[in-house]
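Please look through the structure shown below with the following paragraphs at hand. They move from a buried threonine to a set of charged side chains, and then to the backbone.

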Amino acid sequence: MNVAIQGLGTYLPERILTNHDLEAMVETSDEWITTRTGIKERHIAAEGETASDMAAKAANIALENAGITAEDVDLIVLGTITPDQQLPATACFVQEKIGAKNAFAFDVQAACTGFIYATSIAEQYIKAGTVKTALVVNTEKLSAVTNWEDRETCVLFGDGASAVVLQEATGDEKGIMSSILKSDGKYTDLLRIETGGSNEPVTAENVGENRHKMMMSGREVFKLAVGSMVSVGKEALEAAGVDVNEIKYVIPHQANMRIISSISSKLKLDLDEHFYNNLPRVGNTSSASILLALAEAIEAGKIEKGDKLLFVAFGGGLTWGAMVVEI
Ligand code: UT7
């Protein structure tokens, strides 16, 4: 059985925070952010706008795009590192907001690899015959866990949501041709939110130290990101039986243009011709990033039915993964 993307939806909040805005907040410059990361601006959720609000908007577009209703959905898998609350799952808030009353719903935490993980899980349920229609949602309100006093992280992240409807392919499209997931718990300290879990509940003291916000060892993450994404990308191509030259676009997790450029060199695929990036306009939106870029590429008329795409992602955990998809 081939499992295919039958609908796609994305949502970006209205407010835009530019590099120049950040210059007024921390000691940084548009020049540093642009040359070191490639980011020019990012979207920031409105006051009171939740991760599940953004997810529901993206999900409703994906359902409409697939030509189905929320009641047709059997399963919701939601990837996020910024759940509305610790309990219950954000997927349940989305279920209620869109009216997917026949679905069961749960969250997956794989940080920036959340889209690959959530999609791969949903694909297995469909292949097993347990569900017919799955809704995969990725939503990130990273502005809520960003330490706005830390210039090393606050310039990187943005908010947004994306969703896909997955079903058995109806035509002759191959859909998801391979998906490879990886993790290595040796590196749990490289990207983390230390408090707020059972190990160290939130206290006035640790909030005062900003330890309820995201922390990243950027340089170490950078070093591991390139090699991991290249090797898992190659593994996914091999599993799909697809040559790298058959790939129309690689759509990598949008974290840093220098990382993406290194991946392009190592895969020997031209950056301008075979990579689609929207990092300058949205920043790093963690699990939402790949589909936000895919939706833009489709909207721009750059992707046609039958094109083969390679998605690669890398993030906290560490987790990483890749997927070859024929659209
Ligand atoms: O999405 C999940 C996966 N995440 C990633 O893939 C992120 C991977 N890491 C990165 O993208 C990069 O490591 C960063 C963009 C986070 C940082 O770039 P870098 O080239 O690794 O910079 P660095 O951390 O080595 O810092 C270089 C210099 C330092 O100053 P000194 O020590 O050389 O004087 C920093 O203090 O740049 C300084 N710096 C800044 N300067 C201006 C760090 N952040 C800033 C800033 N503005 N915002």
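The model is a predicted one, in which local features need pLDDT of at least 70 and side-chain atom pairs count only at pLDDT 80 or more, while totals for chains, interfaces and linings use all residues. Residues are numbered from 1 along each chain as its sequence is written, and side-chain values use heavy atoms, with hydrogens and water left out.

A convenient place to begin is T82, which sits in the loop between β4 (75–79) and α4 (90–98); helices (H or I, at least four residues) and strands (E, at least two) are taken here as DSSP runs, numbered from the N terminus. T82 counts as buried because its relative accessibility is 6%, where buried means under 20% relative accessible area, exposed over 50%, and partly exposed in between, with a 1.4 Å probe and protein chains only. The side chain of T82 is joined to that of E140 by a polar contact of 2.9 Å, and the side chain of T82 also reaches the backbone nitrogen of K141, at 2.8 Å. A polar contact is a pair of N or O atoms within 3.5 Å; within protein, one atom must be able to donate a hydrogen and the other to accept it, and residues adjacent in sequence count only if both atoms are side-chain atoms.

From there the reader may turn to E326, a residue of strand β13 (residues 319–326). With a relative accessible area of 9%, E326 is buried, and its side chain makes a polar contact of 3.4 Å with the side chain of K308. E326 also meets K174, side chain to side chain, in a salt bridge of 3.8 Å, N to O. Because E326 lies in strand β13 and K174 in the loop between β7 (160–168) and β8 (175–183), this pair ties together parts that are 152 residues apart in sequence. K174, unlike the buried E326, is partly exposed, with a relative accessible area of 39%. A further residue to locate beside this strand residue is G306, whose C-alpha is 5.8 Å from that of E326 although the two are 20 residues apart in sequence. G306 belongs to the loop between α12 (289–299) and β12 (308–315), and its relative accessible area of 36% makes G306 partly exposed.

What joins charged side chains elsewhere in the model? Side chains of opposite charge can pair when their charged atoms come close. A salt bridge is here a side-chain nitrogen of Lys or Arg within 4 Å of a carboxyl oxygen of Asp or Glu, and by this rule the count comes to 15 salt bridges. One of them links the side chains of K186 and D184 at 3.9 Å, N to O; K186 counts as exposed at 60% relative accessibility, whereas D184, at 22%, counts as partly exposed. Another salt bridge, between the side chains of E194 and R192, spans 2.9 Å, N to O. Both partners are partly exposed, E194 with a relative accessible area of 29% and R192 at 26%. Salt bridges that share partners join R192 and E194 with E200, E209 and R211 into one network.

The backbone has its own points to check, given that most residues other than glycine have a negative phi, and most peptide bonds are trans. The peptide bond that joins L87 and P88 is cis, with omega about 0 degrees, and P88 is placed in the loop between β4 and α4. A second cis peptide bond runs from G317 to L318, with omega near -10 degrees, and L318 is found in the loop between β12 and β13. Positive phi values occur at A111, near 50 degrees, and at N210, about 65 degrees, although N210 is not a glycine. A111 lies in the loop between β5 (104–108) and α5 (114–127) and is buried, with a relative accessible area of 8%. N210 is located in the loop between α7 (204–208) and β10 (215–216), and N210 counts as buried because its relative accessibility is 18%.
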